[in-house]
Structure formats: structure tokens, C-alpha cells
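Student: Can you walk me through this structure? I'd like to go through the chains and a few surface and core features.

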Amino acid sequence: MKNPEHMNRIGVFVCHCGINIASIVDIEAVTKEISKYPGVEFIKDYQYMCSEPGQMIFKEACRSGQIDGIVVASCSPTLHETTFRRASIEAGMNPYRVEIANIREQCSWVHHDEEEKATEKAIDIMKSVIERSRRNESLTEVSLQTIKKVLVIGAGISGMQVALNIANSGVETFLLDRQPSIGGRMAQLSETFPTLDCSQCILTPRMVEVGQNKNITLMTYSEVEEVSGYVGNFNVKIRRKAAYVDWDKCTGCGICYQKCPKTVPSEFEQLIGKRKAIYTPFPQAVPNKVVIDNNNCLYFKTGKCRLCEKACPLGAIDFEQKERIEEIEVGAIVVATGYDLYEKEKIEEYKMGYCEDVLDGLTFERLLSSSGPTQGKLVRPSDGTVPKEIVFIQCVGSRDPDNHLPYCSRICCMYTAKHTMLYKHRVPDGQPYVFYMDIRSGGKNYEEFVQRAIEEDNVLYIRGRVARLYREDDKVVVVGADTLSGKTIVIRADMVVLAMAMRPSGGIEELSKKLKIQVDGNGFLSEAHPKLRPVETLTQGVFVAGCAQAPKDITDTVSQAGAAASKVLELLSNEKLLHDPITSWIDEELCAGCGQCVSQCSYNAIQLDEKKRKAFINEILCQGCGACIVTCPSGAAQQKNFTIKQYYSMIESLV
Amino acid sequence: MNVQLSSEELDNEDIDKIIEISGANLFACYQCGKCTAGCPTSEFMDIPPHEVIRLLQFGQIEEILCKNTLWICASCITCAVRCPKGVDLSKIMEALRQIFLRKNVNYVHPNEVPNEELQTLPQIALIANFRKFTH
């Protein structure tokens, strides 16, 4: 690469940012000083450089042909660098000749009580950026093709919604889930707040729609094995687990599981119901195909049985089936892996009371569900009697930064209110109690819903955390306080329902590593910006939706899924994607081919040319992080427009 | 003191009476405390007005009847006017007084009142004292 020509006709624009900069930094002194600096051809200050009139001044100067490099002294480049680079394109200049000198966040804001020093510092910052911009090259963005296909990981309500929105726009979508059926958590729920419509009744039509959509390829009973590539061009290896059933032949008739002699607790029923060793998770499963659980199947355990094989009229059972790896190429990936519940075994002070009649919220959902193990009859799992005194405990594991999880799980207030109502509808003479810390019912018609539970169904809300549970005869004694009256409350309950905290579903960390996306301190996936980029991740082309990002209810999940789908479509609507040209390059004359940079690169962007013994950088993969530059012992790795020479000249201008 | 809660405890005859007399939905109260904050006489009460409702929600009526609160209440209805949930606490106070009086317990016997006091005591106060005696 040739040494860039030194630019010696720099245009400098100083922004007042109203009073943000101008009230601290003496703009007049700055302009006077900088105008004398070698190479500065033009200087202008303005109240708001980012405003339309400000940009007009900027563009006029660009067009004048008087300058060939630009420094805008203003706020952080994360805010308006793009603004001025775009303006420079409009004015016919290369955008990479525009640099920002940050004299707001790094100067006026932090030195608001020392105006003179701030002015001096502003001058220094600007001088150093002028030095850097002198050696800036004109760069062109790298363009790349996009594959117009999408992978959605997780087929709960969130993933289904993303897939439907994308597929309905005519884009081919792969919908993956590790379970045999799509549907996710929502399929397990009985009824939904605040309207109390039956969860399966509103979910199954969507599931069928997904199953019938020609643009959606279902990949259930599968997991992501490996992800390589980059935005627009991902290559994903998918492990299709062995179902031991040929799904092309299986029609889901169910004869096999009627014949299967082995009964085990059903995960779908939260272990309070049963399934066979060959099974579909629930009757409305999509795809309606059976799988054999080889950990419980008698044939796999003892080598004998094969009753299902004999029973299957279609010859679909295949005990020899092996798992296989399938490779797909997609342009974008959406992660919608959903949630699990925090384990109730972790709550030490409640353990003394644990028995079959102390349930978590999801198990209670199955107990209420008309398709559940009791057909919606509310009875105690222990002895089949109807519980007359039932205690609901909220915030179990949530909002407990010292012992458990610091965050609010967001849905428990609402589903507990729903549980109490559904309980009262089934047991009108029963008494529900709710221990709560705060009621968080911020949603359309949510507060009214909770008030309805309290006023119409006489649910007694007690403000306080339960300190302990213990068994007494066949009851569970609940000890808590009501901080409103200052009384300690003791209830001998027939059943206790714990609103366990929500956690990201298991395996999210491994998946996030494969996708090179970040998780936050609580294990949820990090969005690129909490407000302005809520469904993107910092890895381009990877998006998030649903509870994998943070706890949320169905309403919010569906909204977020729609947002993620629209961001995916926005990305894929471009024929070609443009990639930032600020990447590394290797000075072949200096490179000794040691390969240290190759091992440091997180993006697999560097390869070693074995013949030439030189490192080689794939510009499309390179994210310009700079890891190779600091690693390289010979100084061969350099970053465009961030060269060592530029840094030296910056330092020289300061000392 | 621990409060044992159970449906029997909550299904209290006196509570039903209070609901019948006052016409108020005790369970609508969400304990915001605006009644207590606005009450001109709450500082003279043994327990504040909002706690009266809380205790009623727990079926703990005896705990209220032994306090002076219901007798300090001046029925100014400031609480009722301001309540965001439409719970008329002044009517509940009146219901509590009714329940108390209907228990027909005489706290002061007229024959035992010393003569000197009879001379000075206003008649209306004397009669009120028989049953409303608030310790």
C-alpha cells in the first residue's frame, strides 16, 4: 500500500453545541490558535454544526475545492461522524477524509469547572486530530453479496412470529428448535392474561400456519453446531438429532406410542404427567412426528422390545438412524431461544416445605390446562384433593441481588393474578393468598386485571416476602410478613405456587459463543443499544427476539419479533452490503509469517499464506478491532487510517 | 403477634355485617394511605385509618374495636372523597361503631357514677359514655 499523500489543506469546523461546548471552551481563542496551525486552510465555527445550516456551511467548504481534509471539533464521533461523512459524500469528497475531534464528552463536559484548561485541551485535541487527518487515505467501502435466506433459532411464539413475518415477505426461512415440536413455552400455558383466552387456542393456528408456509423449512429436534461467515453470508452447521423414526414416512398416527410399554414423566407436562418412550410432546405438535427417547426406550436399554416397530403400519421406525449434520447458508440469523425457570431447589429457606404440592408457575399452568394431566381439574398432585387454601409467592429468586437474581422477571405479577382467578373459577369456595413485594402491572388492561382479581375474586394480597415454608401434617405452612400492617402472617396451605424467576434457556452461552454475540451479566443476550437498537446485536446480521434478550410477556415478545423480522428484511432488501473499509492490512515486506495475528483474530479474518509465509486479511470479515496490530511483533499489521505513523504524529503534536 | 390466616378466619360474620352496613368493598383498598394522610384527626388515633381497612381485610375486627380510632373519626368524609378506589372509609367507621354498640356492653353504670360528677357531666356525654367508653 502506498504511503498516503500528506494533506496540507485542512478545513476545521468548530461546533459550539449551543452552550455545551461554548460555555466552557473559549471558541474564539480556539479558532484563533488553530487557524495559525500549519496546514489549516480554512476554519469556521457555528452554533450547531449538525443542524441543516451547519451542514450547509460544511458542504460549501467541501465544494470550494479549497480543502482536502476535514476536522470537525464537536461531540463524540459515535453521534455525528456519520452525519458529516454523509454530508461530505454529497459535497463530492471522500468520507474517510473527515475526522471528528471530540471536544464535548472528552473536554467541555468533564472540565466544566476549569474553563482555561478546557480551552487548552480543546486546542490540543484538535491539533492531534489535524495531525492524524493529514495522513488519512481516501477509502472505499467493500461491497458484498447477501444470501436471501434467514435462520431463526428457537420456535416458540417469538421465533414463530419472526419466521412468519419474514416468510410472508417472500424470504426463505429456516425455523430451528431443539424440541421435536414448535410451540415453545406458550404451548404449555393454560390461559393468557389479561384476556384469559386459552393459550393453545390462539397458538395452534399460528403453529399450523408455520407448518403450512411454503417459505418456512422446519428443523425441529435440531441444534446449532457451528456458525461461520459474516453478515449476509453465514454458513451454519446444524445437528439433526436422531429421532429413530423416518419422519418422511411418519404420519403421527400414534399407534406406536399406544403400544410402547415404557412410561416416563413428560417434560412438556413439567413432570406431573406421563409420556411414552416413543412420543410427540403434545397432541397438536407441529410437525406431528414421533421421536424415540433412547435414554428410556427398552430396546436401547435392554436390546429387546421393538414393539413400536412391529406396530407402525408405515415402517417408519428406524433404530439404526444416526444424527447428521446439515449445512445451510443464510444472510441473517435471529436468536429467539426463550427462557427457563430458576430452579426452586436453590431457595434454601423454602426447602423444608417442598413436596408434590409446592409447584412452580409452569407446573401450575399444566395443572390448570384443559389438555393437562388432570384435564384442567385442580387437584393436589399428592392426594388428588381439591386445595382450599392456596398460597402464591411472587418474586421467588427475582429481585434478590444478594442471594439469587437481581432483576424483575416482569411477568410474574400478571400470571400470578391470572392463576388466582383461574383457581377461583375452578374452586369458588377456596381462598387464594398472594405474597408480593410490588405489583408491576404496566401494560394495557393489566392493572385493571389485577384489581379484578383482588376485588371480584377476593384474592388476599399480602405485602411481603415469605421467609420460610415447612410441612405440618399434609399442609405446607407459609410464614411471611405483611409490612402494611406490620403483622407476621402464618397460613396453613394445601398448595403453594412459586413464581420462579425467569432465566435465559439452557445452552444460551454456548450458542452466543458460536454466534459471537454477547450476553449480559444475567445471561440474557445483549442488544446493540437498549433504546435505539433493541433487536440487533453487536455482530452484524444477528438479531434477537423474545425472552432470550430479557424477560417479557407474549404481547411484548410478539412486538419484538415483528421488529426483529423488519430489521432482517431491511438488511436483506439490499442487493449488496457495504462494509466499513477501516480494516487491517499486512505490510508484506515486514511480515515474517509467524502467525500470531491469526490466533488472535476473533473473526477468523486472517489466514496464513503457507507458500509465501505471509499473513493475509479478508477485508470482509475484518471488523477493525486492532487485535492483530498490537499482537504483531514486527509491526506488519496496520489499520487503515489508524497507522502507527498517524499515532506518532498525534503524540508529537501534543508533547 | 402472629396472625393465622385461613378462609374461616376471613369468612367472619362481623366483616360481612360491616360490608352490608357500609356498602363498601373492603378488598378494593390497595393500601395507598391517602385516607390517613388526609385525615384531620388521625394523629389522635391509636391506629391510622388505612390500617383499619387492612385489619378488616385480614378479618381482625377485634383488634380495631379495642382502639379509639373509630371514636376519634369525626365523619368529615375527607377520606371518602379522596379515595382513589371509591372505598368509603367514613361509612366503614360508622359501621364499626354500630357493630361495637350492638354488642350491648355497658362500660359505665349510671348508679356507679359519683354524684359530684353527675352534677357537672353534660347529659349527652353521660349517655354516650355508657357504650362508647373508649378507655
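Tutor: What follows is a short run through the two chains, some buried elements and some surface patches.

Student: What kind of model is this, and what are the ground rules?

Tutor: This is a predicted model, in which local features need pLDDT of at least 70 and side-chain atom pairs count only at pLDDT 80 or more, while totals for chains, interfaces and linings use all residues. Residues are numbered from 1 along each chain as its sequence is written, chains are lettered from A and ligands numbered from 1 in the order in which they are written, and side-chain values use heavy atoms, with hydrogens and water left out.

Student: How many helices and strands does chain A have?

Tutor: Chain A has 18 helices and 34 strands; helices (H or I, at least four residues) and strands (E, at least two) are DSSP runs, numbered from the N terminus. The C-alpha trace of chain A spans about 90 × 70 × 45 Å along its principal axes.

Student: What share of chain A is buried?

Tutor: Of its 655 residues, 55% are buried. Buried means under 20% relative accessible area, exposed over 50%, and partly exposed in between (1.4 Å probe, protein chains only).

Student: And strand S1 of chain A, how many of its residues are buried?

Tutor: For S1(A), residues 10–15, 6 of 6 are buried. One side carries Ile10(A), Val12(A) and Val14(A), the other Gly11(A), Phe13(A) and Cys15(A), and both faces are covered.

Student: Which strand does S1(A) pair with over 6 bridges?

Tutor: That is S2(A), residues 40–46, in the parallel sense; two strands pair if DSSP finds at least two bridges between them. S1(A) also pairs in the parallel sense with S3(A), residues 69–74, over 5 bridges. Ile10(A) stands opposite Val40(A) in S2(A), and in S3(A) its bridge partner is Gly69(A).

Student: Switching to the surface. Which residues form the negative patch?

Tutor: The patch consists of Asp26(A), Glu28(A), Asp45(A), Asp113(A), Glu114(A), Glu115(A), Glu116(A), Glu120(A) and Asp124(A). Patches are made of residues with over 30% relative accessible area and no salt bridge, with like charges joined within 9 Å and nonpolar side chains (Val, Leu, Ile, Met, Phe, Trp, Tyr) within 5 Å. A salt bridge is a side-chain nitrogen of Lys or Arg within 4 Å of a carboxyl oxygen of Asp or Glu.

Student: Which helix gives the largest share of it?

Tutor: Helix H5 of chain A, residues 115–134, with 4 residues. Glu116(A) sits in H5(A) and is exposed, at 68% relative accessibility.

Student: What makes up the nonpolar patch?

Tutor: Ile644(A), Tyr647(A), Tyr648(A), Ile651(A), Leu654(A) and Val655(A) make a patch of about 640 Å². Tyr648(A) lies in helix H18 of chain A, residues 644–654, and is exposed at 52% relative accessible area.

Student: Now chain B. What are its helix and strand counts?

Tutor: Chain B comes to 10 helices and 1 strand. Of its 135 residues, 45% count as buried, and its C-alpha trace spans about 50 × 35 × 30 Å along the principal axes.

Student: Why is helix H4 of chain B called largely enclosed?

Tutor: Because 9 of the 9 residues of H4(B), residues 49–57, are buried, the helix is largely enclosed by the rest of the structure. Among them are Glu51(B) and Arg54(B). Just after H4(B), Gly59(B) takes a positive phi of about 75°.

Notes
Areas by Shrake-Rupley, 256 points an atom, 1.4 Å probe, with all protein chains shown as cover. Lys, Arg positive; Asp, Glu negative; His and termini not counted. Charge placed at Lys NZ, Arg CZ, Asp CG, Glu CD.
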